[in-house]
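Here is a short briefing on a predicted model. It covers surface charge, strand pairing and a side-chain contact.

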Amino acid sequence: MKSLWILLLLCACQLTSYSQRDLPISLVTETSTTYYTDGSAKSNNRMFFQLPGETPQRLGFLGRRLGKHLSEDPAIQKEFKGFKTYGAVSQTLALATSATLILAIFSNDEVGPTGEEQGWFKTYQWPIYCGIGYLAAGYLAQTKLTKSVELHNGLLGDSSQPSFLDIQPIAASPAAIGPALTIRF
C-alpha cells in the first residue's frame, strides 16, 4: 500500500513538471540605473524569464532554470544547446580578456628583441581579440536564447506574445521621416 502511494506521488510530481513545459515563456529584461552626483549614470541590465501568472525568475547559470520549462522538441533543444555553448564560450572569453589585459599591462616587454619599442596594438592585441570574441559570442548566445523561446512559444501556438520584429511603414512622429523599425524583446 505504501508503494502505491509513493508511486502516485511520483506520478503527480512528474505531471506537474510536464505541465510546466506546456506554458508560454516570456523573456523580461530588468534595467536599473544609478545616477551619480557628478551627472554621470550607470545602467545595469538583467535577463529574466516569466511564466504566465508567476513572478519573473532568473535564468540560472547558462539557462539552467529556464531549460526545465522548455519543450523537449529537438529543434528547440538544439537552439538551447547552442545558447549554452555560446554562453560558455562568452564567459570563457570574458575571463581570457581580463587575464590577457592584466598580463599586457604588467608585462615588462616594452622593448622587443631588436631593441625597438613595440606598438600599442602588438602589446594589447590578445585582450582586443578576446574582447571582440566575448562580445560576438555573447550576441550569438542571446540570439540562440531568443530563438529557442520563440520556437517553444510557437510550438504552443501562443498568440498573446507580440511579434519579434514589427516593421511600420511610416514613423508616428512627424519629426521623423521615413520607415520605422521596432524590435521587441
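Arg58 counts as partly exposed, because its relative accessibility is 48%, between the cut-offs of 20% and 50%. Arg58 sits in strand 3, which spans residues 57-58. Arg58 also belongs to a positive surface patch.

**Positive patch**

- The patch is formed by Arg46, Arg58, Arg64, Arg65, Lys68, Lys81 and Lys84.
- Two helices each supply at least two of the patch residues: helix 2 (64-67) and helix 3 (74-106).
- Arg58 qualifies on accessibility because its 48% is over the 30% that patch residues need.

**Sheet**

- Three strands make an open sheet in the order 1-2-3, and the pairing is antiparallel.
- Strand 1 and strand 3 are the edge strands, as each of them pairs on one side only.
- Strand 1 (residues 26-35) pairs with strand 2 (residues 41-50) over ten bridges, in the antiparallel sense.
- Within this pairing, Ser26 has Gln50 of strand 2 as its bridge partner.
- Strand 2 is joined to strand 3 by two bridges, and these strands also run antiparallel.
- Here the bridge partner of Phe49 is Gln57, in strand 3.
- Strand 3 thus carries both Gln57, the partner of Phe49, and the patch residue Arg58.

**Hairpin**

- Strand 1 and strand 2 form a hairpin with five residues between the strands.
- In that hairpin, Gly39 takes a positive phi near 95°.

**Salt bridge**

- How many salt bridges does the model have? The count comes to one.
- The pair is Glu79 and Lys144, whose side chains meet at 3.5 Å, N to O.
- Glu79 lies in helix 3 and Lys144 in helix 4 (residues 120-156), so the contact ties together parts that are 65 residues apart in sequence.
- Is Glu79 buried or exposed? Glu79 counts as buried, because its relative accessibility is 15% and the cut-off for buried is under 20%.
- Lys144 counts as partly exposed, because its relative accessibility is 26%, which falls between 20% and 50%.
- The salt bridge therefore joins a buried Glu79 to a partly exposed Lys144.

**Helix 3 in both topics**

- Helix 3 (74-106) supplies at least two residues of the positive patch.
- Helix 3 also holds Glu79, the partner of Lys144 of helix 4 in the salt bridge.

Terms used:
Residues are numbered from 1 along each chain as its sequence is written. This is a predicted model: local features need pLDDT of at least 70, side-chain atom pairs count only at pLDDT 80 or more; totals for chains, interfaces and linings use all residues. Side-chain values use heavy atoms; hydrogens and water are left out. Patches are made of residues with over 30% relative accessible area and no salt bridge: like charges are joined within 9 Å, nonpolar side chains (Val, Leu, Ile, Met, Phe, Trp, Tyr) within 5 Å. Accessible areas come from the Shrake-Rupley method with a 1.4 Å probe; for residues, only the protein chains shown count as cover. A salt bridge is a side-chain nitrogen of Lys or Arg within 4 Å of a carboxyl oxygen of Asp or Glu. Lys and Arg count as positive and Asp and Glu as negative; His and the chain ends are not counted. The place of a charge is taken as NZ of Lys, CZ of Arg, CG of Asp or CD of Glu. Helices (H or I, at least four residues) and strands (E, at least two) are DSSP runs, numbered from the N terminus. Buried means under 20% relative accessible area, exposed over 50%, partly exposed in between (1.4 Å probe, protein chains only). Two strands pair if DSSP finds at least two bridges between them.
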